[in-house]
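Reader: I would like to go through the aromatic contacts and helix packing of a model. Could you take me through them?

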Amino acid sequence: MLKQKRLAKQKPKAKPIPWGLKKICWGLINITVPRHQPRSWIETNFQKRECIKFIPCPKDDTKCCCGQVQITHQTIPGIESGSPGDLWLPTKHTRPQPTDAYGTIEFQGGAHPTKAQYVRLSFDTRPELLVQLFTKEWNLELPKLLITVQGGKANFDLQAKLKKEIRKGLLKAAKTTGAWIFTGGTNTGVTKQVGDALLLEGQQRTGRVVSIGIAPWGIVERNHELLGHNREVPCHSISSPRSKLAVLNNRHAYFLLVDNGTQAKYGAELILRRKLEKFISNLKLHPSKNHWLKTNVTHSSTPVVCLVIEGGTNTIRAVLEYVTDSPPVPVVVCDGSGRAADLLAFVHKYASDGEEQPVLESMRDYLIGTIQKTFEVGLDQSEKLYQELLQCTRNKNLITVFRIQEKPEGEAQELDQTILTALFKSQHLSPPEQLSLALTWNRVDIARSEIFVYGQEWPNGALDEAMMQALEHDRIDFVKLLLENGVSMKKFLTIPRLEELYNTKHGPANTLGYILRDVRPHIPKGYIYTLHDIGLVINKLMGGAYRSYYTRRKFRPIYAKVMNSYANACRKSSTYQYQRYAGANSLSLVTGLLPFTSEMALFEFPFNELLIWAVLTKRQQMALLMWTHGEEALAKSLVSCKLYKAMAHEAAEDDLDTEIYEELRSYAKEFESKGNKLLDFSYRQDAEKAQRLLTCELHSWSNQSCLSLAVAANHRALLAHPCSQVILADLWMGGLRTRKNTNFKVILGLAMPLYIRQLDFKTKEELQQMPQTEEEHLENQNLDNDDSDRSQPDAECKLMPAEQLNSSPSFKSVSNSTDALLADTYSVRDTKVHENGKVNLTAGADEQPSKVSLTDSDPAQFREFFNLSEYNEVKQHQPLRLKKKFYEFYTAPITKFWADSIAYMFFLIMFSFTVLVKMETMPRWQEWYSIAYITTLGFEKVREIISSEPVAITHKFSVWAWNMWNPCDGAAIILFLIGLAFRFRGSTMDIGRVIYCVDSIYWYLRILNILGVNKYLGPLVTMMGKMVKNMIYFVVLLAVVLMSFGVSRQAILYPDKQPTWGLIKEVTFQPYFMLYGEVFAGDIDPPCGEDPSQPGCVTGHWVTPITMSMYLLIANILLINLLIAVFNNIFNEVNSVSHQVWMFQRFTVVMEYQQKPVLPPPFIALCHFYSLLKYCVRKAKGEPGMSKFSFVP
């Protein structure tokens, strides 16, 4: 505004502006130009320095001691020029002003311009402001290591090999540890060498190293171009040959341009650089808190190390300051780089550990001469430098020399290892602090070589804290190292720690939050996940009847008790726990009665819990590590596969990036492959144990089996494996042992029950090896008890009289020990198969497992034991009794299948007869049979829903509806019952008959479900299902095209129609059947004209043939052929894996008929009544084993 007024005074007077226009102009100026622009944070806190007193330089009277001529000095009243002998001090003869130079430098000349932040600041700036500048304004994370590089200012050359090692080692040390690098900032000397290393880093494109150049403002060439507030300044890093000034190195990311009022003089940055280094060294590396114990975890301060490359006399003094400072700074000297570095390395080599230095004293003259020759200084100064070198050697442990030596491959230490090991040697850190540093740097090689050494002692809990940090930061190698060195995951992983892992902010991005919103809507910001929330997520992803341990009733009081105990331990320190576990007090009545022990917070299988945590948080490498440790590797691979596939599905539904979906699918395939390879390896080693592995009930995985988990994960390859197929074939045959003409023999056995005696059955011992349902297990116990009550000595006990067997104590002990040996060695146990192939291993009916000490037994006992070897051999081949044969035949799934199929075909014949003949008022017996069949089938569907595993009725229904045929059966049964209600009313009997006829369509289509068992027809049925699903999308496209033509055609040809529901039929009828070749030629262009016998032509009648031709072109040629192409793709896709598809479907069929009652509908009602009666009797007696209402006989 003032400038505008001054310019207005100098200009000639213009015509006066009208008052209204003047008011408008001033209003616009007030809107567009702010009168008082607030200063930025940088201008407020950082200052520049300007010399205010001219003191002539002794060497040149025309220049001030600050390096500027007198003209550039501002004349300030009261301050006069000084005399040549006066001492110039920046604190006394300069004045601070707000900085006028900060912004971004854009270095030109490269393939891509590189940018760097810069700021001009005073030499006495407080270091805490600089740290705030780095973190708040420039958005840098605090360093985990500070590498300050010291060396010569003049340009120098390095050996090619040494140069390569320095570049590679410095870059690796900075990138792996998250370090900052401090240099002089200019494109000369040692800073240029560091810049070349950063150039190599820029080519790798893996993230930019934080390199901060601290240079004097006065020596920067063309520094006037940098003046401005928050500017982007284009700059070339090419200096003028004759200039004494220097340009900035274009490979640095940040510059601190230190101003003390001087020009063309070095040294302005030294004080500020050292103060900043010291301030950063006092910062805690990562002050974290243990949220459970509320105790500060004290880690070491940020380590600082000095790297010396070449250098002059100032470098030696700087090294002396570093090693004598408090706390001291370790120094790494690069031997062979020249001048000061070589002298320091030489002196270090021959220095002794004590105060006396006899070797160096004997070489005093040689060293002084070398110093004179190297630095071109006088005798006095060289002697002074010699004394400084001796003072450096008194702290020999703080100086580490890096040398390139010809060593065998793999033994040479690189520069980055030298830098990091120097820190451990110089700083007196405890082992936990050293491990924390190595973890922070992510350098497992340093931890392995320097920390985990023989004889190292660790305080209690130190390795647990390191393990927690390694898990949070996804340090895979450190987790391996800690497990190798004695960390017990069973003792480490507690409920609070696992919950803290789920809430950690470290690690890769994951989709857990998206899925959690589905089970916990309206989550507030900053919500802390609980294990119950995680359990709900697991249940959602796993689907079916799976219930996570975190959501089970027995876990809730344990969780509440553990959390309350931890909350009480830190009641005084914070309210964090009360906010977090407010819901835990809801179980106070239960938890008050539950005594707290430290074991309550632990997990039985910690690697299982950590595997789920790693999968849900998308830490694939960590998940693979947890998979390799612990138990139940096959189950873990299947659960991981299922979780990843479900997460990929959720990611696709949430419209996340395609890359996330593909990434999760690839992780699922990796676990799928590992599970298949593991099963194949186990099967080749021991087929019998591999089969038990697939059918064993897994209590830690919701009592599922590996087979049921494979079905949930849609793992076709595993179900198609020979091991799985052997189990399914065994289950399908039940107790039968027929190989040829099996189906014919079963049908013959159903037709003629006496033929069952001629069939081959498995022995009793083989049946004990087979998986059994819970009801079969109880039934077998009853049969065995009945047999044992009525039996006389038979083939099993012909070797010894019954009285002898009962009276001989030695035989009793031998039989007990034999049972124990068999149970331990061969695991001869009864097994119970539940829904989805879940199997529970239990002791046999007669087996009383006992442990017998062989050392304490009577030797005679062993003689009798060996004499009984023939008896035991006979016992292994014990035949079945006739009653048991009948039971095994009728309960075999293959028998149930054929009985059900035959009954179903008979029902179809009866139902077809009912709808084809005239319906009488009173139903014929054929109709009564059909009614009884469908009604009992409906009760069977209700039984299937009630007896399924889940607790909630909605969850039961969703599990039941997983099989597509079940909801279709339910709809057909309901439709039939509706028709039945209409049929028994005389006025609506015809309506009921029509409903019967419509319902018969589905009952015939249901034959496809029976045909799906066939090896060749099963994949074709699957193809049909997939084609129908894809055809639905096609119908939508077809409806759009059909309606576009149908409405237009109807509206043109029949303009006078009245509004009726018949319009819908007329619009769609002819266009739809035109798709199949019926073009309705007479209606394409109906005759019309002036002839009285013909109707008059409607307006636009000629449009209809044109639109019809276009419709047929699009619908009949384009869309139909598109549908054929889609069907062809489905056929090729399914046909390529048809064998796997059939084997996968086979499991569902086997499990379905394993659970079905013996009799088919309508006789199934007898099974329902019998099972219900038996259930009530058992409940009245309080017998165990029937915890659920199961009707299966």
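Author: The following exchange covers ring pairs, charges over rings and one helix crossing. This is a predicted model, in which local features need pLDDT of at least 70, side-chain atom pairs count only at pLDDT 80 or more, and totals for chains, interfaces and linings use all residues. Residues are numbered from 1 along each chain as its sequence is written, and side-chain values use heavy atoms, with hydrogens and water left out.

Reader: How many helices and strands are there in the protein?

Author: The protein has 53 helices and 17 strands; these are DSSP runs numbered from the N terminus, with helices being H or I of at least four residues and strands E of at least two.

Reader: And how many aromatic pairs does the structure hold?

Author: There are 37 aromatic pairs. Rings of Phe, Tyr and Trp (its six-membered ring) pair if their centres lie within 6.5 Å; planes under 30 degrees apart count as stacked, over 60 as edge-to-face and the rest as tilted.

Reader: Why is the pair of Phe-134 and Trp-180 edge-to-face?

Author: Their planes stand at 85°, with the ring centres 5.1 Å apart, so the pair is edge-to-face. Because Phe-134 lies in helix H5 (residues 127-137) and Trp-180 in strand S6 (residues 179-183), the pair ties together parts 46 residues apart in sequence.

Reader: Are Phe-134 and Trp-180 buried or exposed?

Author: Both Phe-134 and Trp-180 are buried. Buried means under 20% relative accessible area, exposed over 50%, and partly exposed in between (1.4 Å probe, protein chains only).

Reader: What about Phe-906 and Tyr-929?

Author: Phe-906 and Tyr-929 form an edge-to-face pair, 5.1 Å centre to centre with 85° between the planes. Phe-906 is partly exposed at a relative accessible area of 34%, whereas Tyr-929 is buried at 14%.

Reader: Changing topic: where does the charged end of Arg-517 sit?

Author: The charged end of Arg-517 sits over the ring of Tyr-514, 5.6 Å from its centre. The criterion is NZ of Lys or CZ of Arg within 6 Å of the ring centre and within 35 degrees of the ring normal.

Reader: Finally, at what angle do H49 and H51 pack?

Author: Helix H49 (residues 1062-1074) and helix H51 (residues 1103-1136) pack at about 55°, with axes 10 Å apart. Axes are lines fitted to C-alpha atoms, for helices over the stretch in contact, and angles run from 0 to 180 degrees between N-to-C directions. H49 and H51 are therefore oblique to each other; angles under 35 degrees count as roughly parallel, over 145 as roughly antiparallel, 65 to 115 as roughly perpendicular and the rest as oblique.
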